[in-house]
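User: I'm new to this one, so could you take me through a close look at a single part, the largest pocket? I'd like to know what lines it and what sits around it.

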Amino acid sequence: MMVKQTFLNLSTEKQERILEAAKREFSRASLNEASVANIIKDVGIPRGSFYQYFNDLEDIFYYILENHSQDIKQRLTTNLVYFKGDIIKSFADLYKYILDKVSEDNNKLYFKNIFLNMDYKLEKKFLPNLEDNLNEIIQLVDITSLNINSRLQLIYVLEIIEAVMMRNLVQVFQRSLSKEKDIEIFIKELLLLKEGLYNKS
């Protein structure tokens, strides 16, 4: 449980103030270096109140991340409908969407800390969780256009694409290229996946 009911009972305005204060703290420091004291000072609540809402820093950290993940998951679903099940076009657009989000001034430092401290748990929380809505995604993908024999193989294909996307997102904050160049690199890698590694001859 990332959030307690007492937090959900707060007004939307107060919830947002607490989450924004936490996000500012996670923009300043990684999860391991962040401080509850800084969050409660920023938002102006007693320490006890914080622990009525969340068990610890990790809970609020992953709650904020989960909100971003839900947004990304919705975008992927929308893309698959819009692009008629084309996973290459859907993920290319999703990547552009995420790049726009992480490039916003009020998000840049927050996401930089996320991606430069990325581990397996963070990755699974950030990307659309296939376990959560696997059946929905599988039904939306046009499997007839893919060189696979089963829906099970589609799961592996999706995991490979997500891994490529995550590696590129981490490198956004390491290689300091333009957004256009980052998109170009990702699309080239997607096209390599689409075409396969071997000549068809």
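Analyst: The largest pocket comes out at a volume of about 680 Å³, and keep in mind that this is a predicted model. Its lining is made up of 23 residues. If you want to find the middle, look for Leu146, Leu193, Lys194, Glu195 and Gly196, which lie nearest the centre.

Now for the helices around it. Three of them give at least two residues each to the lining: helix 6 (87-103), helix 10 (151-175) and helix 11 (179-195). Helix 11 supplies the largest share, with 5 residues.

What kinds of residues are these? Sorted by class, the lining of the largest pocket has 13 nonpolar, 4 polar and 6 charged residues.

Helix 10 deserves a little detour, as one of the helices that contribute to this lining. It runs for 25 residues and spans 36 Å from its first C-alpha to its last, close to the 36 Å expected at 1.5 Å a residue. Just past the end of helix 10 comes Ser176, with a positive phi of about 50°.

For some context, here is the runner-up. The second largest pocket has a volume of about 190 Å³. Its lining counts 14 residues, and Ser30, Leu31, Asn32, Asn117 and Leu122 are the ones nearest its centre. Helix 5 (57-82) and helix 7 (108-116) are the elements that give two or more residues to this second lining. By class, that lining splits into 8 nonpolar, 4 polar and 2 charged residues.

How values were computed:
Residues are numbered from 1 along each chain as its sequence is written. This is a predicted model: local features need pLDDT of at least 70, side-chain atom pairs count only at pLDDT 80 or more; totals for chains, interfaces and linings use all residues. Side-chain values use heavy atoms; hydrogens and water are left out. On a 1 Å grid over the protein atoms alone, a cavity is a set of points where a 1.4 Å probe fits but cannot get out, and a pocket is an open set with protein on both sides within 12 Å along at least five of seven lines; lining residues have an atom within 4 Å of a point. Grid points are joined across faces, edges and corners, and a volume is the space filled by probe spheres set on the points. Helices (H or I, at least four residues) and strands (E, at least two) are DSSP runs, numbered from the N terminus. Ala, Val, Leu, Ile, Met, Phe, Trp, Tyr, Cys and Pro count as nonpolar, Asp, Glu, Lys and Arg as charged, and the others, Gly among them, as polar. The expected span of a helix is 1.5 Å times one less than its number of residues.
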